[in-house]
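Welcome, and thank you for taking a look at this model with us. The report below walks through a few of its parts, one after another.

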Amino acid sequence: MILGITGGMGCGKSTVARLCEQRGLRRLDSDALIRERVLTDPAMREALRAEWGADVAPVDAPVNRARLAARVFDDEMALATLERLTHPPLFALWRAALRDAPTVDWAIEVPLLFEKGLENWFDFTVCVASSPAQQLARLEQRGLSRALAEQRISKQLSLARKIELSDHVVWNDGSLAFLESQVDHLLAALRTLR
Ligand SMILES: CC(C)(COP(=O)(O)OP(=O)(O)OC[C@H]1O[C@@H](n2cnc3c(N)ncnc32)[C@H](O)[C@@H]1O)[C@@H](O)C(=O)NCCC(=O)NCCS
Ligand SMILES: Nc1ncnc2c1ncn2[C@@H]1O[C@H](COP(=O)(O)OP(=O)(O)OP(=O)(O)O)[C@@H](O)[C@H]1O
């Protein structure tokens with residue numbers, strides 16, 4: 001079983017994926033793969049330097065993600081360029097992981113699952129959702145300003161549309177215990193469908 005976990009930024013995708021992992025699924029976090037495997041690749045850093053300069057992708061230091069974010073999230077062409085560079089290596093990493101362990105159950109976090117038409121990778125899609133107030137509060141708590149959070153959220157499909165498109169919805173406005181009980185119910189239901 002391959003679960004695709006999507007949802008609003010900061011709504012709790014990673015938290016749900018970790019709960020799935022604790023319940024025996026293997027987890028892949030697309031943001032972490034981009035950060036740790038894709039943006040660290042020397043050829044990628046060179047491509048980013050050619051596009052946005054050495055203050056974004058220095059020769060002797062890691063890519064400055066805050067500067068890169070500032071360049072792309074207010075410029076649609078720049079965001080498209082970054083996605084064109086980073087998505088193929090991300091998909092190659094997914095493919096290799098799935099190929100190496102074809103019989104395990106997977107929970108894959110994919111922020112842009114519907115935006116990029118990635119449904120066919122997954123047996124089931126799950127949207128993790130919360131109220132806008134809760135979403136912004138959690139993002140602010142993590143140090144992202146309200147303005148930057150809203151700018152990034154505006155580049156994604158609306159949460160309402162993600163809810164409509166997904167097979168299952170986990171509502172994460174309450175306690176962690178409530179979230180855990182929803183994940184337990186969901187996995188029990190999905191396991192009977194296999
Ligand atoms: C711009 C970057 C460097 C900013 O890094 P940063 O550490 O600040 O954020 P991080 O990668 O942890 O992403 C946090 C959240 O931002 C949102 N986000 C990331 N990329 C995008 C994007 N292309 N479009 C809309 N929202 C995005 C997602 O909700 C994600 O969960 C980074 O997000 C990036 O390289 N993005 C492009 C790759 C991508 O499209 N990733 C999503 C693959 S499904
Ligand atoms: N039910 C909850 N109760 C309390 N805190 C929570 C709950 N769910 C998530 N959080 C916290 O909210 C923050 C955002 O959650 P998480 O990182 O799982 O979201 P995300 O959707 O993966 O975010 P991003 O889109 O930025 O990758 C984290 O600090 C997490 O610990």
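## A buried loop residue and its surroundings

Cys 11 counts as buried because it has 26 C-beta neighbours inside 10 Å, and the cut-off for that class is 20 or more. Please keep in mind that this is a predicted model. In the chain, Cys 11 sits in the loop between β1 (2-7) and α1. Leaving out residues up to four places away in sequence, Cys 11 touches Val 128, Ala 129, Ser 130, Gln 135 and Asn 172.

A little further along comes Lys 13, which belongs to helix α1. Is Lys 13 buried or exposed? Lys 13 counts as buried, because 26 C-beta neighbours lie inside 10 Å. Its contacts, apart from neighbours within four places in sequence, are Ile 5, Thr 6, Gly 7, Glu 109 and Val 128. Both Cys 11 and Lys 13 fall under the UniProt annotation "binding site", taken from an unreviewed entry, which also covers Gly 10, Gly 12, Ser 14 and Thr 15.

## The two ligands

Let us turn to the ligands. Ligand 2 is surrounded by 16 residues, and Lys 13 is among the closest, together with Met 9, Ser 14, Thr 15 and Arg 138. Helices α1 (13-22) and α9 (176-193) each supply at least two residues of this shell. Which element gives the most to the shell around ligand 2? That is α1, with three residues.

Around ligand 1 there are 19 residues, of which Met 9, Asp 31, Arg 65, Pro 111 and Leu 112 come nearest. Two or more residues of that shell come from each of α2 (30-38), α4 (65-72) and α5 (76-100). Domain 1 and domain 2 each provide at least three residues to the shell around ligand 1.

The make-up of each shell is set out here.

| Shell | Nonpolar | Polar | Charged |
|---|---|---|---|
| Ligand 1 | ten residues | three residues | six residues |
| Ligand 2 | five residues | seven residues | four residues |

## The nonpolar core

In soluble globular proteins, nonpolar side chains tend to be buried together. Here the largest nonpolar core has 25 residues, and those that touch the most other members are Leu 3, Ile 5, Val 16, Cys 20, Ala 107 and Val 128. At least two residues of this core come from each of β1, α1, β3 (106-109), β4 (124-129) and α9. Val 128 and Ile 5 have already appeared as contacts of Lys 13.

What does Leu 3 touch, not counting residues up to four places away in sequence? Its contacts are Cys 20, Leu 25, Trp 106, Ala 107, Ile 108, Phe 122, Phe 124 and Val 126.

## Two domains

The chain is divided into domain 1 (1-25 + 106-189) and domain 2 (42-104). Their C-alpha centres lie 22 Å apart. Where the domains meet, five residues of domain 1 are in contact with six residues of domain 2. On the domain 1 side, β3 and α7 (146-153) each supply at least two of the touching residues. By type, that side holds two nonpolar residues, one polar and two charged.

## An exposed helix residue

Finally, Ala 32 lies in helix α2. Ala 32 is exposed, because 12 other C-beta atoms lie within 10 Å and the class takes in residues with 12 or fewer. Ala 32 and Glu 109 are 77 residues apart in sequence, while their C-alpha atoms are 9.6 Å apart in space. Glu 109 is also one of the contacts of Lys 13.

Terms used:
Residues numbered from 1 in each chain as written. Chains lettered and ligands numbered in written order. Predicted model: local features only at pLDDT ≥ 70, side-chain atom pairs only at ≥ 80, totals over all residues. Near = placed C-beta within 6 Å. Helix = DSSP H or I, 4+ residues; strand = E, 2+ residues; numbered from the N terminus. Nonpolar A, V, L, I, M, F, W, Y, C, P; charged D, E, K, R; others polar. Domains from an automatic or database assignment. UniProt positions renumbered as here; feature names shortened; annotations may be inferred. Contact = placed C-beta atoms within 7 Å. Core = buried A, V, L, I, M, F, W, Y, C linked by C-beta atoms within 7 Å.
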